[in-house]
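User: Could you take a close look at one part of this model for me? I'd like to see how a single strand sits among its neighbours, and one residue in it up close.

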Amino acid sequence: MAQVDKVEQRLAGELLPGEQVQYGILGFRIGGIRKTMIGGAAGIAGVAGTAAMAVATSGAKADVPAAQLPLPGRFIVGLTDQRLMVFSIGGFFVAKPKKLLHAYALDQLAWISEPELIAGVAQALRVFIGVAGAGVLSFEFPRLQVAEARSMVRRIERGMPTPQA
């Protein structure tokens, strides 16, 4: 069963009227893929992540606090046509969405960074999303999910409100 199907199954009875699940992708906290893949310390990734977040938030609207929103080491990112959600992981052998940790309507998303491909053995796609009035969601998506994660990021961008001049 694909992760998107697991997100849809998890949200059964909780979807808004007409809401459709579009993506379900395994995500990691910044530096988590490197730590998991090669067992190394995430110090360099953490510094790079902090620097990237500073760049991403430098042009952010005032209603987006620069504080990172708390995330576990691994999680499932779900996207519907109306909301972005983050779930804890359940399941002993196969990861599936468990507890809903964060849920934001697409119009609450103030900005999204340009996805950054981190090269090497622990290849990952790194993304930062500013949530109005809440803070910053920081994700990494593993090598096998980079293409799907890029597609999801483009879909999020299309669903965000257009910036006011």
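Analyst: Quick warm-up before the strand, and keep in mind that this is a predicted model. Helix α4 covers residues 146-159, 14 residues in total, and goes 20 Å from its first C-alpha to its last, close to the 20 Å expected at 1.5 Å a residue. Its buried residues are Val146, Ala149, Met152, Val153, Arg155 and Ile156.

Now the strand: let's take β2, residues 74-80. Six of its seven residues are buried, so β2 is largely enclosed by the rest of the structure. It has a partner in β1 (residues 21-28), joined to β2 by seven bridges and running antiparallel to it; in that pairing, Ile25 stands opposite Val77. There is also β3 (residues 83-90), again antiparallel to β2, with four bridges between them. Here Gly78 of β2 faces Met85 in β3, and a hairpin of two residues links the two strands.

For the close-up, pick Thr80, which belongs to β2. Its relative accessible area is 0%, and because buried means under 20%, Thr80 counts as buried. Its side chain makes a polar contact of 2.5 Å with the side chain of Glu19, and the Thr80 side chain also reaches the backbone nitrogen of Arg83 at 2.8 Å. Leaving out residues up to four places away in sequence, Thr80 touches Leu11, Leu15, Glu19, Gln20, Val21, Gln22, Met85 and Leu106. So Glu19 turns up twice, as a polar partner of Thr80 and in its contact list, because contact means heavy atoms within 4.5 Å.

How values were computed
Residues are numbered from 1 along each chain as its sequence is written. This is a predicted model: local features need pLDDT of at least 70, side-chain atom pairs count only at pLDDT 80 or more; totals for chains, interfaces and linings use all residues. Side-chain values use heavy atoms; hydrogens and water are left out. The expected span of a helix is 1.5 Å times one less than its number of residues. Buried means under 20% relative accessible area, exposed over 50%, partly exposed in between (1.4 Å probe, protein chains only). Two strands pair if DSSP finds at least two bridges between them. A polar contact is a pair of N or O atoms within 3.5 Å; within protein, one must be able to donate a hydrogen and the other to accept it, and residues adjacent in sequence count only if both atoms are side-chain atoms.
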